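The following exercises introduce a reader to a structure by way of worked solutions. Please attempt each task before reading its solution.

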Number of protein chains: 2
Amino acid sequence: MRRFDFIELAVMLATVVQWLVLATITGAIIGTGTSLFLHGLFFATDRTADVPLWLQTLLLPVGGLLNGLLLYYGYRANTGDLKDSIFAAVNTQSGRMPFRTILIKPIAAIITLGSGGSAGKEGPCSHIGASLASAVGQALRLNTELRLRIVACGVSAGFASVFGTPIAGAIYGVEVLAIGRVRHDFLLPAIVAGAASYHVSILWGVPYQYYQLPALPGFSETLFLKTTVLGVICGIVALVFVEFVYRTAWLSVHLRNRFKVWPPLMPLGGGVLLALLILIIPTDYLGLSLSLMDRALAGEPMPYFGFLWKSLLVAITIGSGFYGGIVTPQFVIGAVAGSAFAHLLGMDAMLGAAVGLTSVVAAASNTPIAAVLMGVELFGGSIGTVYIAGAAIAAYLMIGHRSIYPEQRLAYSKS
Amino acid sequence: MRRFDFIELAVMLATVVQWLVLATITGAIIGTGTSLFLHGLFFATDRTADVPLWLQTLLLPVGGLLNGLLLYYGYRANTGDLKDSIFAAVNTQSGRMPFRTILIKPIAAIITLGSGGSAGKEGPCSHIGASLASAVGQALRLNTELRLRIVACGVSAGFASVFGTPIAGAIYGVEVLAIGRVRHDFLLPAIVAGAASYHVSILWGVPYQYYQLPALPGFSETLFLKTTVLGVICGIVALVFVEFVYRTAWLSVHLRNRFKVWPPLMPLGGGVLLALLILIIPTDYLGLSLSLMDRALAGEPMPYFGFLWKSLLVAITIGSGFYGGIVTPQFVIGAVAGSAFAHLLGMDAMLGAAVGLTSVVAAASNTPIAAVLMGVELFGGSIGTVYIAGAAIAAYLMIGHRSIYPEQRLAYSKS
């Protein structure tokens, strides 16, 4: 009979205690950082939310130019060889982020969203999370393996405090790093940091919104198959979104090189284009578009082409050189498309919006498990989980090996 | 600019449609199979649930002998080279199960649980699922890769219909196949089959039990840290359970070889030992012990050593050569231990029982993600998920690289 391995037990206990302490402290620091950012963001967007159309068309190009100047001169100051990217930090930089440029992305996001650029708020939060975590890792002189985990848990803590979904945020942070694999050894740091960051953000007064889905009757196989079909549709919607973003970015680089445009002028041009487009596209699709998402989740009818408007505006915003997150737009696109196409399938619009939201995130970010848990945390309840899960996985397959994050590694093929 | 890849989109659509059809049919067949088994099991256990103690002490050795004879002569008839194991089917047998012996394990489980042996009901269900799925795969002449997936989805469908938790069951079936990895390409077949199997089981009148946890106040970091500590304790509880099962099985083989015991006599001896033990251990710990689990989840006080009694009885039952599942006992052990130790930490006993249940499953089976989703499906609600997740992951780490399934592959180290 083998002897009982007390050493492994001691090692595991030490690991758990280590991460309870380390990730709680890191999570609390990150929660403070993201709360500061979110309050700054809300301050800016509240000021510019209801400006008249003529002012909005002026704000967009001005915001674009400011953004362009900030990013251009900001990153010139970054003389090191580290990339300011969470994927690079985990996959190639051994958990190191450039610390001098930590404020550039958050400020750029506030300018982008404040001036009406169509983007998300979670990108800067995960960036703040990774940067602060990397700083903690360097301050404590952690070895490479621990630094990797602490940066991954920083990304998770950032996501956790954006939407008030600590578990989904934590698992998103782990799952997004590579396609087709969840690193189980990252999970404890991620969840502990996510919980701490979420709690600290509540204490700092960050508001979170949860949604009550209509009570569903007992399980129905028909409804399950319908929601899975809706997942397929939302997977294609996500694919369209990813292609829009990718192609616009490609075109933007191509134009810049072809006509030798001074880089800060590119987002200025993007801002002009956005200003022209909102003469026909409703201004709801600018900025975070959270009120649009809330209306979709409340069951209001949504247009079939809503997802195209949002995809187009986000693609131009991000592609031309504004800066912002690309997960919040997935929420909006998913809720709008899910609500619209649920109508086509004879489903409840609120359930459709919830299924759409989670499916588009599952597909565009390649994070099916985080998406299912996001459904649980945002919408509560047990009965809906099976519908959300079937749709999310179907959508995740439909998008193939594309990703909204070109830097995402492929760990395992989907087919 | 790269051209849009229509072929990949078509392949993915075909994949999704293929699995919607294939996994729904397979899941429905499996749901019928497991429902038949579960009704047979409930018929037997209802007859023997409240027998007087003297009769129970007789039933146990008789059940042991019957079990021994069935398994001994049953597997002699299995002349092929395929092992009757879900792990072997997926990991080494390219998705093939021996079909001639499909009834042995279900009948053995009914004898085991009907005579009072302490074990679970999900093992035979996952076995039925894998066997029927393998038969479908062979009937449709699927290639190796598809046969693998269909057998994995059979395991999932089996689990889904045991506890009425389609998503947790589906993901358990995928996660249990290897430590540290969830195969994303197995997820869609698993979830579709799980939903179909669950729905068919409801139609066949299989009863399921869900639990209402007390409403928790807003998120509390203190409670999160307390539940994580409870997870650490439950990880050690799971470790004790796994060691009991492993060591008893080892001792049983050792005794059988040392004294050249005729194999069918081993469970007879196990039955005698169990009959002696229930003179001091309450009979609640025999069989499935679901009423004990229900009482723990309803907030009734539980003894600190309850998990030891259950672990001991299960270890003797399984180790001596009865047959039954080993996940239901994890539920019972977890709920009893969680409730008892919650008291020690000044936590609500019902929350403790729920956290304990999911943590012990996460640890003993190495399935942290399925365990979290099991918490969602059994207990509903969003606010509790973060507590359950922290505890489940901590427990999963504490048990180290042990597993209740010695055949589980190690995909990635935990540390």
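A residue is called buried when its relative accessible area is under 20%, exposed when that value is over 50%, and partly exposed in between. The model treated here is a predicted one.

**Exercise 1. Burial in a salt bridge**

Task: Determine whether Arg295(A) and Glu300(A) are buried, partly exposed or exposed.

Solution. Begin with the pair itself: Arg295(A) and Glu300(A) form a salt bridge whose closest N and O atoms are 3.4 Å apart. Next, take Glu300(A): its relative accessible area is 37%, so Glu300(A) is partly exposed. Finally, Arg295(A) has a relative accessible area of 26% and is therefore partly exposed.

**Exercise 2. The relation of the two copies**

Task: State by what turn chain B can be laid on chain A, and through what surface the copies meet.

Solution. A turn of 180°, with a shift of 0.0 Å along the axis, lays chain B on chain A with an RMSD of 0.0 Å. The two copies are therefore related as by a two-fold rotation axis. As for the surface, 100% of the interface residues of chain B are also interface residues in chain A, so the copies meet through the same surface.

**Exercise 3. The interface**

Task: Describe the extent of the interface between chain B and chain A, and say which element of chain B gives the largest share of its side.

Solution. First, consider extent. The size of an interface is often given as the accessible area lost when the parts come together. Here the buried area is about 6500 Å², and carbon and sulfur atoms give 72% of that area. In terms of residues, 69 of chain B are in contact with 69 of chain A.

Second, consider polar interactions. Across the interface there are 6 residue pairs in polar contact. Several elements give two or more residues to the side of chain B that touches chain A, among them helix 1 (6–48), helix 9 (221–258) and helix 16 (385–398) of chain B. The largest share, 11 residues, comes from helix 9 of chain B. By class, this side of chain B has 40 nonpolar, 15 polar and 14 charged residues.

**Exercise 4. Salt bridges between chains and a network**

Task: Identify the salt bridges between chain B and chain A, and name the residues that shared partners join into one network.

Solution. Side chains of opposite charge can pair when their charged atoms come close. Between chain B and chain A the count is 2 salt bridges. Arg402(A) pairs with Glu8(B), with closest N and O atoms 3.2 Å apart. Glu8(A) pairs with Arg402(B), where the corresponding separation is 3.3 Å. The latter pair runs from helix 1 of chain A, which holds Glu8(A), to the loop between helix 16 and strand 2 (409–410) of chain B, which holds Arg402(B). Glu8(A), at 16% relative accessible area, is buried, and Arg402(B), at 7%, is likewise buried.

Now turn to chain B. Arg247(B) forms a salt bridge with Glu243(B), the closest N and O atoms being 2.7 Å apart. Because these residues lie 4 residues apart in helix 9 of chain B, about one helical turn separates them. Arg247(B) is partly exposed at 23%, whereas Glu243(B) is buried at 6%. Salt bridges with shared partners join Glu8(A), Glu243(B), Arg247(B) and Arg402(B) into one network.

**Exercise 5. A positive phi**

Task: Locate Lys260(A) and decide whether Lys260(A) is buried or exposed.

Solution. Lys260(A) is placed in the loop between helix 9 (221–258) and helix 10 (265–277) of chain A. Its phi is near 45°, a positive value in a residue other than glycine. With 71% relative accessibility, Lys260(A) counts as exposed.

Definitions and conventions:
Residues numbered from 1 in each chain as written. Chains lettered and ligands numbered in written order. Predicted model: local features only at pLDDT ≥ 70, side-chain atom pairs only at ≥ 80, totals over all residues. Heavy atoms only, no water. Least-squares fit on C-alpha atoms with pLDDT ≥ 70 in both. Contact = heavy atoms within 4.5 Å. Buried area = accessible area lost by both parts, 1.4 Å probe. Salt bridge = Lys/Arg side-chain N within 4 Å of Asp/Glu carboxyl O. Polar contact = N/O pair within 3.5 Å; in protein donor to acceptor, adjacent residues only side chain to side chain. Nonpolar A, V, L, I, M, F, W, Y, C, P; charged D, E, K, R; others polar. Buried < 20%, exposed > 50% of the residue type's maximum accessible area, 1.4 Å probe, protein only.
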